[in-house]
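Welcome! Here are a few exercises to help you find your way around a new structure, each followed by a worked solution.

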Amino acid sequence: MHVTRKLAQLAACVGLLTAAPAAMAQTTLKMVSHSDLKVLDPVWTSALITRNHGYMIYDVLFAKDADLKVQPQMAEKYAVSPDKLIWTITLRDGLEWHDGKPVTAEDCVASLKRWMVRDSFGQLLAAATGELKVVDAKTFQIVLKEPFGMVLDALAKPSSLVPFMMPKRVAETDPFKQIDDYTGSGPFVFKKEEWKPGEKVVYVKNPKYKPRPEAPSMLAGGKVAKVDRVEWLAIPDPSTAANALMTGEIDLIESPVPDLFPMLKSEKNVTLYGWNKLGSQIIMRFNHLHPPFNNVKARQAAMLAIAQEDMLRAQVGDPEIYQVCNAPFVCGTAYGKEYGDLLIKPNLEKARALLKESGYDGTPVALMQQTDLQSSNQVQAVAKQQLEKAGFKVDLLPMDWQTVVSRRARKETPDKGGWNIFFTTNITLDLDNPGTNSFASGACEKAWFGWPCDGELQKLRAAFIKETDPAKRKELGFAISDRVMDQAIYAPVGQYKAFGAYRKDRLSGWLEGPVPVLWNISKK
């Protein structure tokens, strides 16, 4: 009996020793994101932090690779009818939701319908679509009423708003209400019970996820989660975050401020990484519903008061990273038409004259400032000074980014919780095409926040989408650019490249792309 007890104790000890390596093998990636996450519905908001959250837990039908070519992702294959009006999409085998249920064609149809209501590119595709038709459990069709030359571009849209696939029961949520079920099919699972806004967001590896067999390439190919757990930690002070990286408390900072680059470079185990070399564009968005910017002359006056260099110097600092550019569809691209000194060198005399003609009564402009968003939190104070030189009165309203995200969706007057101006950024890959650029929509109540209502702009965009001749499409693209600038739909404030910082002694495999790609990252 005594010998038996000893053997049992020995077996238990051996079991503990053999189990220990497995427990120790659990890897956690600790990252500081560019913003705290408070809104979880990537269709309800275009906030980039929510987009990033979407890429963690959801998947897409098609995605763009490093050569910017559209590749199947959840789709196994697709076919197009000879008249190019019927697009048949078949899902690949092995797709499961996080709850173990299979992904079906019905789920995808419901997801596309919800996305089409909120996204400007989706709205254009919806207008050309006669029916979204389920063929069988794994196959559905997009049946067009008229040619639409950018079906795959729409389905592979890389940034806000991304056509993420959700279960049918979730996708049937009113597009103007936030979802409360975060079941996805992506490489990570959101741990809602561990989510603490203002502190951390937690994801764990999805053991059921079946990656594509191809090598990963930007947003396409095999999404292989190589860490067991990811924690997004909220450290709003940039210096504190940088010190945490240098001392090894965290592994990665998505977007450190350029002022800290020299300090980060001084640490031998830290490296800077240009994960978004294609860059991002900062824009100033007007609220077209309420005075003074419901009057085009007031919007034009504001644009004539702007000096991009001053804003970019304040926001980015390093001229090797930023570029002044007044092309709404991004400088150096096929549709990147530029406009002389507009937004580059102010014309205050003309600005004051237009402001007077607009009937501006001196009511202060409500300018929201996201104090915690490092990509666009310094431009507001400069904008206030520039606008006041042109005759505007400006109230600067400091708040965190998630409050801006919530408040910008409100259509009330500024004195009742609405707004007049805010600044935001988006990746240039989403902005260099008049069809994908959400800011350039004039679809009234269906337009992006600010709700510009411009029938002529919408006619031009619809014609652009249908046009198959490259030369004619370029003409239409330039015409759309002209309309955006003439009507002051929004004001581009310049471009900059995004750099991250990470512990090179621990991490490897960070893929270049327009969003921070966290699959494929390994941690020692």
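Before starting, keep in mind that this is a predicted model.

**Exercise 1. Describe the lining of the largest pocket: which residues and elements contribute to it?**

Step 1. Begin with the space itself: the largest pocket holds about 310 Å³.

Step 2. Look at its centre. The lining has 20 residues, and those closest to the centre are Pro291, Thr363, Pro364, Pro414 and Asn420.

Step 3. Turn to the elements. Strands β14 (365-370) and β15 (394-399) each give two or more residues to the lining.

Step 4. Sort the lining by chemistry: 8 residues are nonpolar, 8 are polar and 4 are charged.

**Exercise 2. Take a look at β14. How many of its residues are buried, and in which sense does β14 pair with β15?**

Step 1. Burial here calls for under 20% relative accessible area. In β14, 6 of 6 residues are buried.

Step 2. Follow the side chains: Val365, Leu367 and Gln369 point one way, while Ala366, Met368 and Gln370 point the other way.

Step 3. Now find the neighbour. β14 and β15 pair in the parallel sense over 6 bridges, and Met368 has Leu397 of β15 as its bridge partner.

**Exercise 3. Work out the order of the open sheet of 4 strands, and explain why β4 and β6 stand at the edges.**

Step 1. Write down the order, which is β4-β5-β7-β6, with antiparallel pairing.

Step 2. Check the ends. β4 (75-80) and β6 (129-136) each have a single partner strand, so one side of each lacks a neighbour in the sheet.

Step 3. Add the twist, which averages 15 degrees from one strand to the next.

Step 4. Zoom in on one pair: β4 and β5 (residues 86-91) share 5 bridges, and Lys77 stands opposite Thr90 in β5.

Step 5. Place the helices. Helix α3 (residues 105-118) lies across β5, β6 and β7 (139-144), at about 160 degrees to β6. Helix α4 (residues 120-128) lies across β6 and β7, at about 85 degrees to β6.

**Exercise 4. Find where the backbone is unusual: which peptide bond ending at Pro292 is cis, and what is the phi of Met218?**

Step 1. Recall the usual case: most residues other than glycine have a negative phi, and most peptide bonds are trans.

Step 2. The bond from Pro291 to Pro292 is cis, with omega near 0 degrees. Pro292 sits in the loop between β12 (270-286) and α9 (296-305).

Step 3. Met218 has a positive phi, near 55 degrees. Met218 counts as buried, at 6% relative accessibility.

Key
Residues are numbered from 1 along each chain as its sequence is written. This is a predicted model: local features need pLDDT of at least 70, side-chain atom pairs count only at pLDDT 80 or more; totals for chains, interfaces and linings use all residues. Side-chain values use heavy atoms; hydrogens and water are left out. On a 1 Å grid over the protein atoms alone, a cavity is a set of points where a 1.4 Å probe fits but cannot get out, and a pocket is an open set with protein on both sides within 12 Å along at least five of seven lines; lining residues have an atom within 4 Å of a point. Grid points are joined across faces, edges and corners, and a volume is the space filled by probe spheres set on the points. Ala, Val, Leu, Ile, Met, Phe, Trp, Tyr, Cys and Pro count as nonpolar, Asp, Glu, Lys and Arg as charged, and the others, Gly among them, as polar. Two strands pair if DSSP finds at least two bridges between them. Axes are lines fitted to C-alpha atoms, for helices over the stretch in contact, and angles run from 0 to 180 degrees between N-to-C directions. Contact means heavy atoms within 4.5 Å. Buried means under 20% relative accessible area, exposed over 50%, partly exposed in between (1.4 Å probe, protein chains only).
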